[in-house]
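Thanks for making the time this morning. I would like to walk you through one protein chain, beginning with its overall make-up and then moving to a few individual residues.

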Amino acid sequence: MESTAAQPNPARPHTGRRRNEATRQAILDASLRLLGESDGAPVTIDAIARAAGVGKQTVYRWWPSKGAVLLDALTERSALEVPPPDSGSLRTDLRTLMASTFLGAQSSSTAPALRTLVREAAHDPHLAELLRTFTAQRRAAVRAVLERGRQRGELPADADLDLLIDQFYGVFWYRFILGHAPLDDALAERLTDSMLPGR
């Protein structure tokens with residue numbers, strides 16, 4: 001007598017994860033686009049969901065709030081556009097990190113959102129906290145590069161890493177917000193040389 005036990009289903013392509021990731025990416029992209037186009041108007045979960053072509057509950061499936069969506073979007077975009085270098089040379093890594101930071105912040109998909117976030121954070125405590133968190137994450141990436149350099153002896157043991165990071169981002173934000181001078185490879189070269197000893 002033949003066994004009546006259920007036979008395993010044939011293998012099917014796993015499309016759900018790819019589809020979910022595409023939806024998630026659409027939400028992140030929509031949030032940055034809306035933030036850049038908002039001109040000071042609040043960006044809501046409803047607006048993000050509509051722009052991404054999904055329901056509001058789909059957004060809440062991954063993020064608890066608008067701020068969480070925007071932070072994730074900016075963080076992910078930064079990770080893609082500013083990957084953490086680790087070449088074994090502090091000078092090379094710092095210069096690479098600066099150049100990619102400058103270039104990434106000026107991309108058409110990031111610059112308007114970042115400028116809006118900075119402007120609106122002045123009078124929106126929620127966005128101010130978001131900006132502080134995002135800035136802390138970017139500072140941590142620079143600190144990791146500097147820490148590796150210090151461990152290799154390329155920086156003095158007593159080097160003030162916070163002050164070095166302030167120099168990096170002080171120049172970046174000043175030029176990014178005021179636009180009085182370029183953020184380019186030449187600046188990355190000069191700023192790197194000014195921050196490191198022996199120049």
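What follows is a short tour from the whole chain down to single side chains.

Please keep in mind throughout that this is a predicted model, and that the values I quote are computed from it. The protein chain has nine helices and zero strands, so to read its secondary structure along the sequence is to read α-α-α-α-α-α-α-α-α. Of the 199 residues in the protein chain, buried residues make up 40%. If we take the contacts between residues at least 6 apart in sequence, 65% of them join residues that are at least 24 apart. As for the surface, the protein chain exposes about 11200 Å², and carbon and sulfur atoms supply 55% of that area.

Staying with the surface for a moment, there is a nonpolar patch of about 330 Å², and the residues that make it are Y174, I177 and L178. Y174, to place it for you, is found in helix α8, which covers residues 161-178.

Let me now turn to W63. This tryptophan is placed in the loop between α3, residues 56-62, and α4, residues 66-81. Is W63 buried or exposed? With a relative accessible area of 5%, W63 is buried, because anything under 20% counts as buried here. Leaving aside residues up to four places away in sequence, W63 touches R24, I27, L28, A68, V69 and D72. With one of these, D72, there is also a polar contact, in which the side chains of W63 and D72 are joined at 2.8 Å. A further distance that may help you to orient yourselves is the one to I45, which is 18 residues from W63 in sequence and 9.9 Å from it in space, C-alpha to C-alpha.

The next residue I would like to discuss is K66, which lies in helix α4. Which side chain of opposite charge is nearest to K66, and how far away is it? It is D124, at 4.8 Å, and K66, although buried, has no salt bridge. The reason is simply the cut-off, because a salt bridge here requires the nitrogen and the carboxyl oxygen to be within 4 Å. What the side chain of K66 does reach is the backbone oxygen of V43, at 3.4 Å. Again not counting residues up to four places away in sequence, K66 touches V43, T44, I45, I48 and H126.

That brings me to the charged pairs. As a general point, side chains of opposite charge can pair when their charged atoms come close. By the rule used here, the count comes to 15 salt bridges, and I will describe three of them before mentioning a network.

The pair to begin with is R24 and E21, where the closest N and O atoms are 3.4 Å apart. Both belong to helix α1, residues 16-37, and because they are three residues apart, they are separated by about one helical turn. R24, which you will remember as one of the residues that W63 touches, is buried at a relative accessible area of 17%, whereas E21 counts as partly exposed at 38%.

The other two pairs reach between helices. D193 forms a salt bridge with R91, with the closest N and O atoms 2.7 Å apart. Since D193 lies in helix α9, residues 185-195, and R91 in helix α5, residues 90-105, this pair ties together parts that are 102 residues apart in sequence. D193 counts as buried at 18% relative accessibility, while R91 is partly exposed at 27%. In the remaining pair, the side chains of E189 and R95 meet in a salt bridge at 2.5 Å, N to O. Here too the partners lie in α9 and α5, so this pair ties together parts that are 94 residues apart in sequence. E189 is partly exposed, with a relative accessible area of 35%, and R95 is partly exposed as well, with 26%.

Helix α9 deserves one more remark. Its residues L187, A188, L191, T192, D193 and M195 are buried, and the buried residues of α9 pack against α5 and α8.

Finally, the network: R139, R143, E147, R150, D162 and D166 are linked by salt bridges. I am happy to go back to any of these residues in the discussion.

Definitions and conventions:
Residues numbered from 1 in each chain as written. Predicted model: local features only at pLDDT ≥ 70, side-chain atom pairs only at ≥ 80, totals over all residues. Heavy atoms only, no water. Helix = DSSP H or I, 4+ residues; strand = E, 2+ residues; numbered from the N terminus. Buried < 20%, exposed > 50% of the residue type's maximum accessible area, 1.4 Å probe, protein only. Contact = heavy atoms within 4.5 Å. Polar contact = N/O pair within 3.5 Å; in protein donor to acceptor, adjacent residues only side chain to side chain. Lys, Arg positive; Asp, Glu negative; His and termini not counted. Areas by Shrake-Rupley, 256 points an atom, 1.4 Å probe, with all protein chains shown as cover. Patch = residues over 30% accessible without salt bridge, like charges linked within 9 Å, V, L, I, M, F, W, Y side chains within 5 Å.
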